[in-house]
Amino acid sequence: MKSKHIPYRRCIGCMESRPQSELMRIVSLGKEIAIDVDGTLPGRGAYLCKTKECLEKAIKKRSFQRVFKGEISIDALLTNAKED
């Protein structure tokens, strides 16, 4: 029997490849970014591990600005991370 294909994506914080189901998708909405819970939001997306350490690494390395090609407001994302 053929095994099911599991898509892998790379975290923009730690740069490790993991199964897509283990990562959260971040989507660019113009000058702001949002967490795509359902995986249905349109637009360019990036993947991030569900840890605070990876979020901090991505911010320090300016990964969001690089991936989304411009200055991005990450205030909403930081607010959501502090609540977790």
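Here a biologist and a modeller talk through a predicted model, looking at its sheet and its cysteines.

Biologist: Happy to have you at the bench! In what order do the three strands of the open sheet stand?

Modeller: Glad to help. The pairing in this open sheet is antiparallel. Five bridges join E3, residues 23–29, to E5, and five bridges join E3 to E4. The order is therefore E4-E3-E5.

Biologist: Which strands stand at the edges, each with a single partner strand?

Modeller: Start from the order E4-E3-E5. A strand at the edge has a single partner strand, so one side of it is left without a neighbour in the sheet. That describes E4 (32–36) and E5 (45–49).

Biologist: By how many degrees are neighbouring strands of this sheet turned against each other on average?

Modeller: Direction is ignored for this value, which is an average over neighbouring strands of the sheet. The turn comes to 35 degrees.

Biologist: Now to single residues: which residue in E4 does Arg 25 stand opposite?

Modeller: Arg 25 has a residue opposite in E5 too, namely Tyr 47. Elsewhere between E3 and E4, Ser 28 has Ile 33 of E4 as its bridge partner. For Arg 25, the residue opposite in E4 is Asp 36.

Biologist: And which residue takes a positive phi in the hairpin of E3 and E4?

Modeller: This hairpin has two residues between the strands. The phi in question is near 80 degrees, and the residue that takes it is Gly 30.

Biologist: How many residues of E3 are buried?

Modeller: A residue is called buried when its relative accessible area is under 20%. E3 is mostly covered, and of its seven residues the buried ones number five.

Biologist: I always check the cysteines. How many disulfides are there?

Modeller: A pair of cysteine sulfur atoms has to lie within 2.5 Å to be a disulfide. The sulfur of Cys 49 is 3.6 Å from the closest cysteine sulfur, in Cys 11, which is too far for a bond. The count of disulfides is therefore zero.

Biologist: Is Cys 11 buried or exposed?

Modeller: The cut-off for buried is under 20% relative accessible area. Cys 49, at 4%, is buried. Cys 11 has a relative accessible area of 0%, so Cys 11 is buried.

Definitions and conventions. Residues are numbered from 1 along each chain as its sequence is written. This is a predicted model: local features need pLDDT of at least 70, side-chain atom pairs count only at pLDDT 80 or more; totals for chains, interfaces and linings use all residues. Side-chain values use heavy atoms; hydrogens and water are left out. Two strands pair if DSSP finds at least two bridges between them. Helices (H or I, at least four residues) and strands (E, at least two) are DSSP runs, numbered from the N terminus. Axes are lines fitted to C-alpha atoms, for helices over the stretch in contact, and angles run from 0 to 180 degrees between N-to-C directions. Buried means under 20% relative accessible area, exposed over 50%, partly exposed in between (1.4 Å probe, protein chains only).
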